[in-house]
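Colleague: I would be grateful for a close look at one part of this model. Please keep to a single residue at the outset and then set out its surroundings.

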Amino acid sequence: MALLRSLLHLLWMVVTVIPWGIIMVVASIRVRGNPLYWMAVRWLGWAIDGARVILGIRVRVSGMENLPVGETSPAILLVKHQSTLEAFLMPTLMP
């Protein structure tokens, strides 16, 4: 069953990465700055959702209540980087 779920997740990633990658390359020619970042974050959200639904991965975040509030409030985030999941998850969690 784990192999089947892994293959299904691989298929999900291929189906989403290729078209979204092409969209991002084309958009990078015309669009600059913040909208491009949020387009990339949208795909990362899809990847996280796919891992949650297909693979059953659950994410537990602790300490969010200690972060400063507001768009101009600075913060330095330190992550353990135990997997690629953290690199995908950070932009989806932080504004």
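Leaving aside its neighbours within four places in sequence, which residues is glutamate 86 in contact with?

Modeller: This is a predicted model, in which local features need pLDDT of at least 70, side-chain atom pairs count only at pLDDT 80 or more, and totals for chains, interfaces and linings use all residues. Residues are numbered from 1 along each chain as its sequence is written, and side-chain values use heavy atoms, with hydrogens and water left out.

Beyond four places in sequence, glutamate 86 is in contact (heavy atoms within 4.5 Å) with Val79, Lys80 and His81. Glutamate 86 belongs to helix α3; helices are DSSP runs of H or I with at least four residues, numbered from the N terminus. Its relative accessibility is 18%, and it therefore counts as buried, the classes being buried under 20% relative accessible area, exposed over 50% and partly exposed in between, with a 1.4 Å probe and protein chains only.

Glutamate 86 also has a place in the largest pocket, being among the residues that lie nearest the pocket's centre, together with Arg60, Val61, Ser62 and Val79. Val79 is thus named both there and among the contacts of glutamate 86. A pocket is an open set of points on a 1 Å grid over the protein atoms alone, where a 1.4 Å probe fits, with protein on both sides within 12 Å along at least five of seven lines; lining residues have an atom within 4 Å of a point. The volume of the largest pocket is about 590 Å³, taken as the space filled by probe spheres set on the points. Its lining comprises 19 residues, divided by class into 12 nonpolar, four polar and three charged. Asp, Glu, Lys and Arg count as charged, Ala, Val, Leu, Ile, Met, Phe, Trp, Tyr, Cys and Pro as nonpolar, and the others, Gly among them, as polar.

Leucine 85, likewise in helix α3, is partly exposed, with a relative accessible area of 26%. Residues up to four places away in sequence not counted, leucine 85 touches Ile48, Ile57 and Val59. Its C-alpha is 9.0 Å from that of alanine 51, although the two are 34 residues apart in sequence.

Ile48 and Ala51 are both among the buried residues of α2, and the buried residues of that helix pack against α1 (2-30) and α3 (84-93). Helix α2 covers residues 34-55 and reaches 31 Å from its first C-alpha to its last, close to the 32 Å expected at 1.5 Å a residue, where the expected span is 1.5 Å times one less than the number of residues. Glycine 56, with a positive phi near 80 degrees, follows α2.

On the α1 side, glycine 50 of α2 is buried at 5% relative accessibility. Its contacts outside four places in sequence are His9, Trp12 and Leu55, and its C-alpha is separated by 6.9 Å from that of histidine 9, 41 residues away along the chain. His9 is one of the buried residues of α1, including also Met13 and Trp20; α2 and α3 are among what covers these residues.

As to confidence, the protein averages a pLDDT of 85, on the predictor's scale from 0 to 100 for each residue. The lowest mean among the elements, 83, belongs to α3, and the highest, 90, to α1.

How values were computed
Helices (H or I, at least four residues) and strands (E, at least two) are DSSP runs, numbered from the N terminus.
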